[in-house]
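Hi there,

Here is the structure I promised to pass on to you. Have a look at it first, and then read on for what turned up.

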Amino acid sequence: MRPAPLDPLRAAQTEVNPRTVMRPGTPVKRPARRNAVGNIVMMTLATGLVATMALPAYAFAPSDNAEGFAATDTTELAKAGEQAVAVDDTAATVTVAEDAFAATPQAELDAADAAAAAAVAAEAARTAAASSMTSYAASYSGPTAADYLASPAYPSFSLSSVYNVALQYQGVPYVYGGATPAGFDCSGFVMYVYAQFGISLPHSSTGQGAAGTRISLADAQPGDLVIMDGHDGFYAGNGNILHAPYEGASVRVQPIWTSDYYIVRLGI
């Protein structure tokens with residue numbers, strides 16, 4: 001006898017294990033409903049696990065020391081905003097003094113160097129002049145200015161005669177301090193020529209200028225004196241001078257190179 005066919009609705013709700021022998025009267029198991037409940041439980045657990053992992057790290061350390069999150073001294077100082085600086089009232093009365101050390105200005109150093117160089121040059125000139133005077137004195141044995149003053153070579157004085165005598169010494173070398181035909185300086189030349197006429201003059205251009213009388217350039221004649229600052233000679237006419245110029249040169253006639261001079265006449 002065949003078993004009665006199952007109700008279709010029950011057949012859809014019942015999963016029959018083909019390995020299980022169904023016995024009449026045995027209750028049918030419903031695993032499908034249990035599996036659905038299990039799935040819900042698993043989903044709930046998984047959701048909870050994900051939420052737990054997403055929590056911030058500090059949530060898992062509720063016992064951490066709170067001092068780790070406290071503000072530092074630097075932070076508190078930054079929060080304070082602008083700072084106030086207190087200045088003592090006596091600060092405005094403080095006098096600032098320079099150090100005792102003072103640097104020498106470059107101009108003074110240059111001046112000192114120039115002075116030292118000038119001193120060296122002056123000493124060299126003095127040595128050269130002394131050497132020249134030694135050879136100069138040894139090379140001349142004729143009459144000196146003092147000899148002529150004692151016995152003038154030309155008792156009769158005239159400017160033209162003075163100038164003509166002076167012309168005889170062209171070519172005599174310049175010697176600093178010289179006052180003989182062995183060598184002349186500017187005032188030594190004038191002194192030596194005028195001594196031959198019995199006129200005594202100092203060995204100085206300034207002194208010789210003071211010994212005579214100033215006259216105008218228009219009245220100047222050859223034989224008068226041309227007086228400059230630190231130099232002199234004989235007026236040679238037409239704006240020229242006969243003089244002993246400088247070291248390395250000889251007695252000569254040349255144009256007067258400056259307007260800063262005056263004329264002095266002797267014997268009047």
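Let me start with helix α7, which is mostly covered: ten of its ten residues are buried, where buried means under 20% relative accessible area, exposed over 50% and partly exposed in between (1.4 Å probe, protein chains only). Among these buried residues are Phe189, Tyr192 and Tyr194. Helices (H or I, at least four residues) and strands (E, at least two) are DSSP runs, numbered from the N terminus.

Before going further, please note that this is a predicted model, in which local features need pLDDT of at least 70 and side-chain atom pairs count only at pLDDT 80 or more, while totals for chains, interfaces and linings use all residues. Residues are numbered from 1 along each chain as its sequence is written, and side-chain values use heavy atoms, with hydrogens and water left out. The mean pLDDT (the predictor's confidence in each residue, from 0 to 100) is 78, and 60% of the residues reach 70 or more. Over residues 57-64 it stays under 50, and the model has two contacts there beyond four places in sequence; a contact means heavy atoms within 4.5 Å. Where pLDDT is low, the predicted coordinates should not be read in detail.

Now to the inside. The largest nonpolar core (buried Ala, Val, Leu, Ile, Met, Phe, Trp, Tyr and Cys residues joined through side-chain atoms within 4.5 Å) has 30 residues, and Phe189, Tyr194 and Phe234 have the most contacts inside it. Helices α5 (145-150), α6 and α7 and strands β4 and β5 each supply at least two residues of this core, and α7 gives the most, with seven. Leaving aside neighbours within four places in sequence, Phe189 touches residues including Ala166, Phe234 and Leu242. Apart from this core lies another, of eight residues, among them Val226 and Ile263.

Helix α6 (residues 159-167) has Leu159, Val162, Tyr163, Val165 and Ala166 as its buried residues. Seen down the axis of α6, these fall within an arc of 160 degrees (taken from the directions from the helix axis to the C-beta atoms), so they line one face of the helix. Their cover includes α7 and β5.

The strands are worth a look too. From β4 (residues 225-228), Leu225 and Ile227 point one way and Val226 and Met228 the other, and all are buried. β4 pairs in the antiparallel sense with β5 over four bridges and with β8 over three; strands pair if DSSP finds at least two bridges between them. Leu225 has Phe234 as its bridge partner in β5 and Val264 in β8.

What about the aromatic rings? A search of the whole structure finds eleven aromatic pairs, counting rings of Phe, Tyr and Trp (its six-membered ring) with centres within 6.5 Å; planes under 30 degrees apart are stacked, over 60 edge-to-face and the rest tilted. The rings of Tyr148 and Tyr192 have centres 5.5 Å apart and planes at 75 degrees, so this pair is edge-to-face. Tyr148 is in helix α5 and Tyr192 in helix α7, 44 residues apart.

One last detail: Asn238, in the loop between β5 and β6, has a positive phi of about 55 degrees although it is not a glycine. Asn238 is exposed, with a relative accessible area of 78%.

Best wishes
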